[in-house]
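Please look at the sequence and the structure below. The paragraphs that follow go through one pair of strands and some of the residues in them.

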Amino acid sequence: MRHYHRTHVTADSVLSLADTYFAKLGLALSGTADRSRTFAGPLGALTLRVGSEGGHYTRIDVDTDQMGESRLDRNVKRFFVQVHRAADSTYTLQAAY
């Protein structure tokens with residue numbers, strides 16, 4: 001699946017958060033490039049890319065090798081919540097129903 005998130009957090013901070021967050025899930029860093037990371041492990045594999053968008057936003061693109069709503073995809077969404085909290089420490093997740 002493909003996911004994306006837009007934030008005010010800098011690209012370097014996002015990559016640092018990703019290195020810490022996905023390592024805790026048991027995913028090993030299997031590749032790095034300029035502004036991207038590849039992680040793989042028992043949950044599957046994902047590629048994370050960051051870049052500037054609109055001058056003051058950082059866009060985060062994540063591609064997983066999973067179909068549908070897998071555990072890996074849910075953890076990617078949780079990672080986006082961590083990024084949101086890095087931008088606003090008072091942020092609390094609220095149900096949309």
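In this predicted model, strand E1 spans residues 2-7 and has two faces. His3, His5 and Thr7 make up the covered face, while Arg2, Tyr4 and Arg6 make up the uncovered one. In a regular strand, side chains alternate between the two faces of the sheet.

Strand E1 pairs with E5 in the antiparallel sense, over six bridges. Within this pairing, histidine 3 of E1 stands opposite valine 62 of E5.

Strand E5 covers residues 57-64, and threonine 58 is one of its residues. Is threonine 58 buried or exposed? Its relative accessibility is 8%, so threonine 58 counts as buried; the cut-off for buried is under 20%. Leaving aside residues up to four places away in sequence, threonine 58 touches His5, Arg6 and Thr7, together with Val9, Thr10, Ala11, Val50 and Gly51. With valine 9 there is also a polar approach: a polar atom of the threonine 58 side chain lies 2.8 Å from the backbone oxygen of valine 9.

Aspartate 63 is another residue of strand E5. Aspartate 63 counts as buried because its relative accessibility is 18%. Which residues does aspartate 63 touch, not counting those up to four places away in sequence? They are Met1, Arg2, Ala45, Leu46, Thr47 and Arg49. With arginine 49, the contact is polar and runs from side chain to side chain, at 2.7 Å.

Notes. Residues are numbered from 1 along each chain as its sequence is written. This is a predicted model: local features need pLDDT of at least 70, side-chain atom pairs count only at pLDDT 80 or more; totals for chains, interfaces and linings use all residues. Side-chain values use heavy atoms; hydrogens and water are left out. Helices (H or I, at least four residues) and strands (E, at least two) are DSSP runs, numbered from the N terminus. Buried means under 20% relative accessible area, exposed over 50%, partly exposed in between (1.4 Å probe, protein chains only). A polar contact is a pair of N or O atoms within 3.5 Å; within protein, one must be able to donate a hydrogen and the other to accept it, and residues adjacent in sequence count only if both atoms are side-chain atoms. Contact means heavy atoms within 4.5 Å. Two strands pair if DSSP finds at least two bridges between them.
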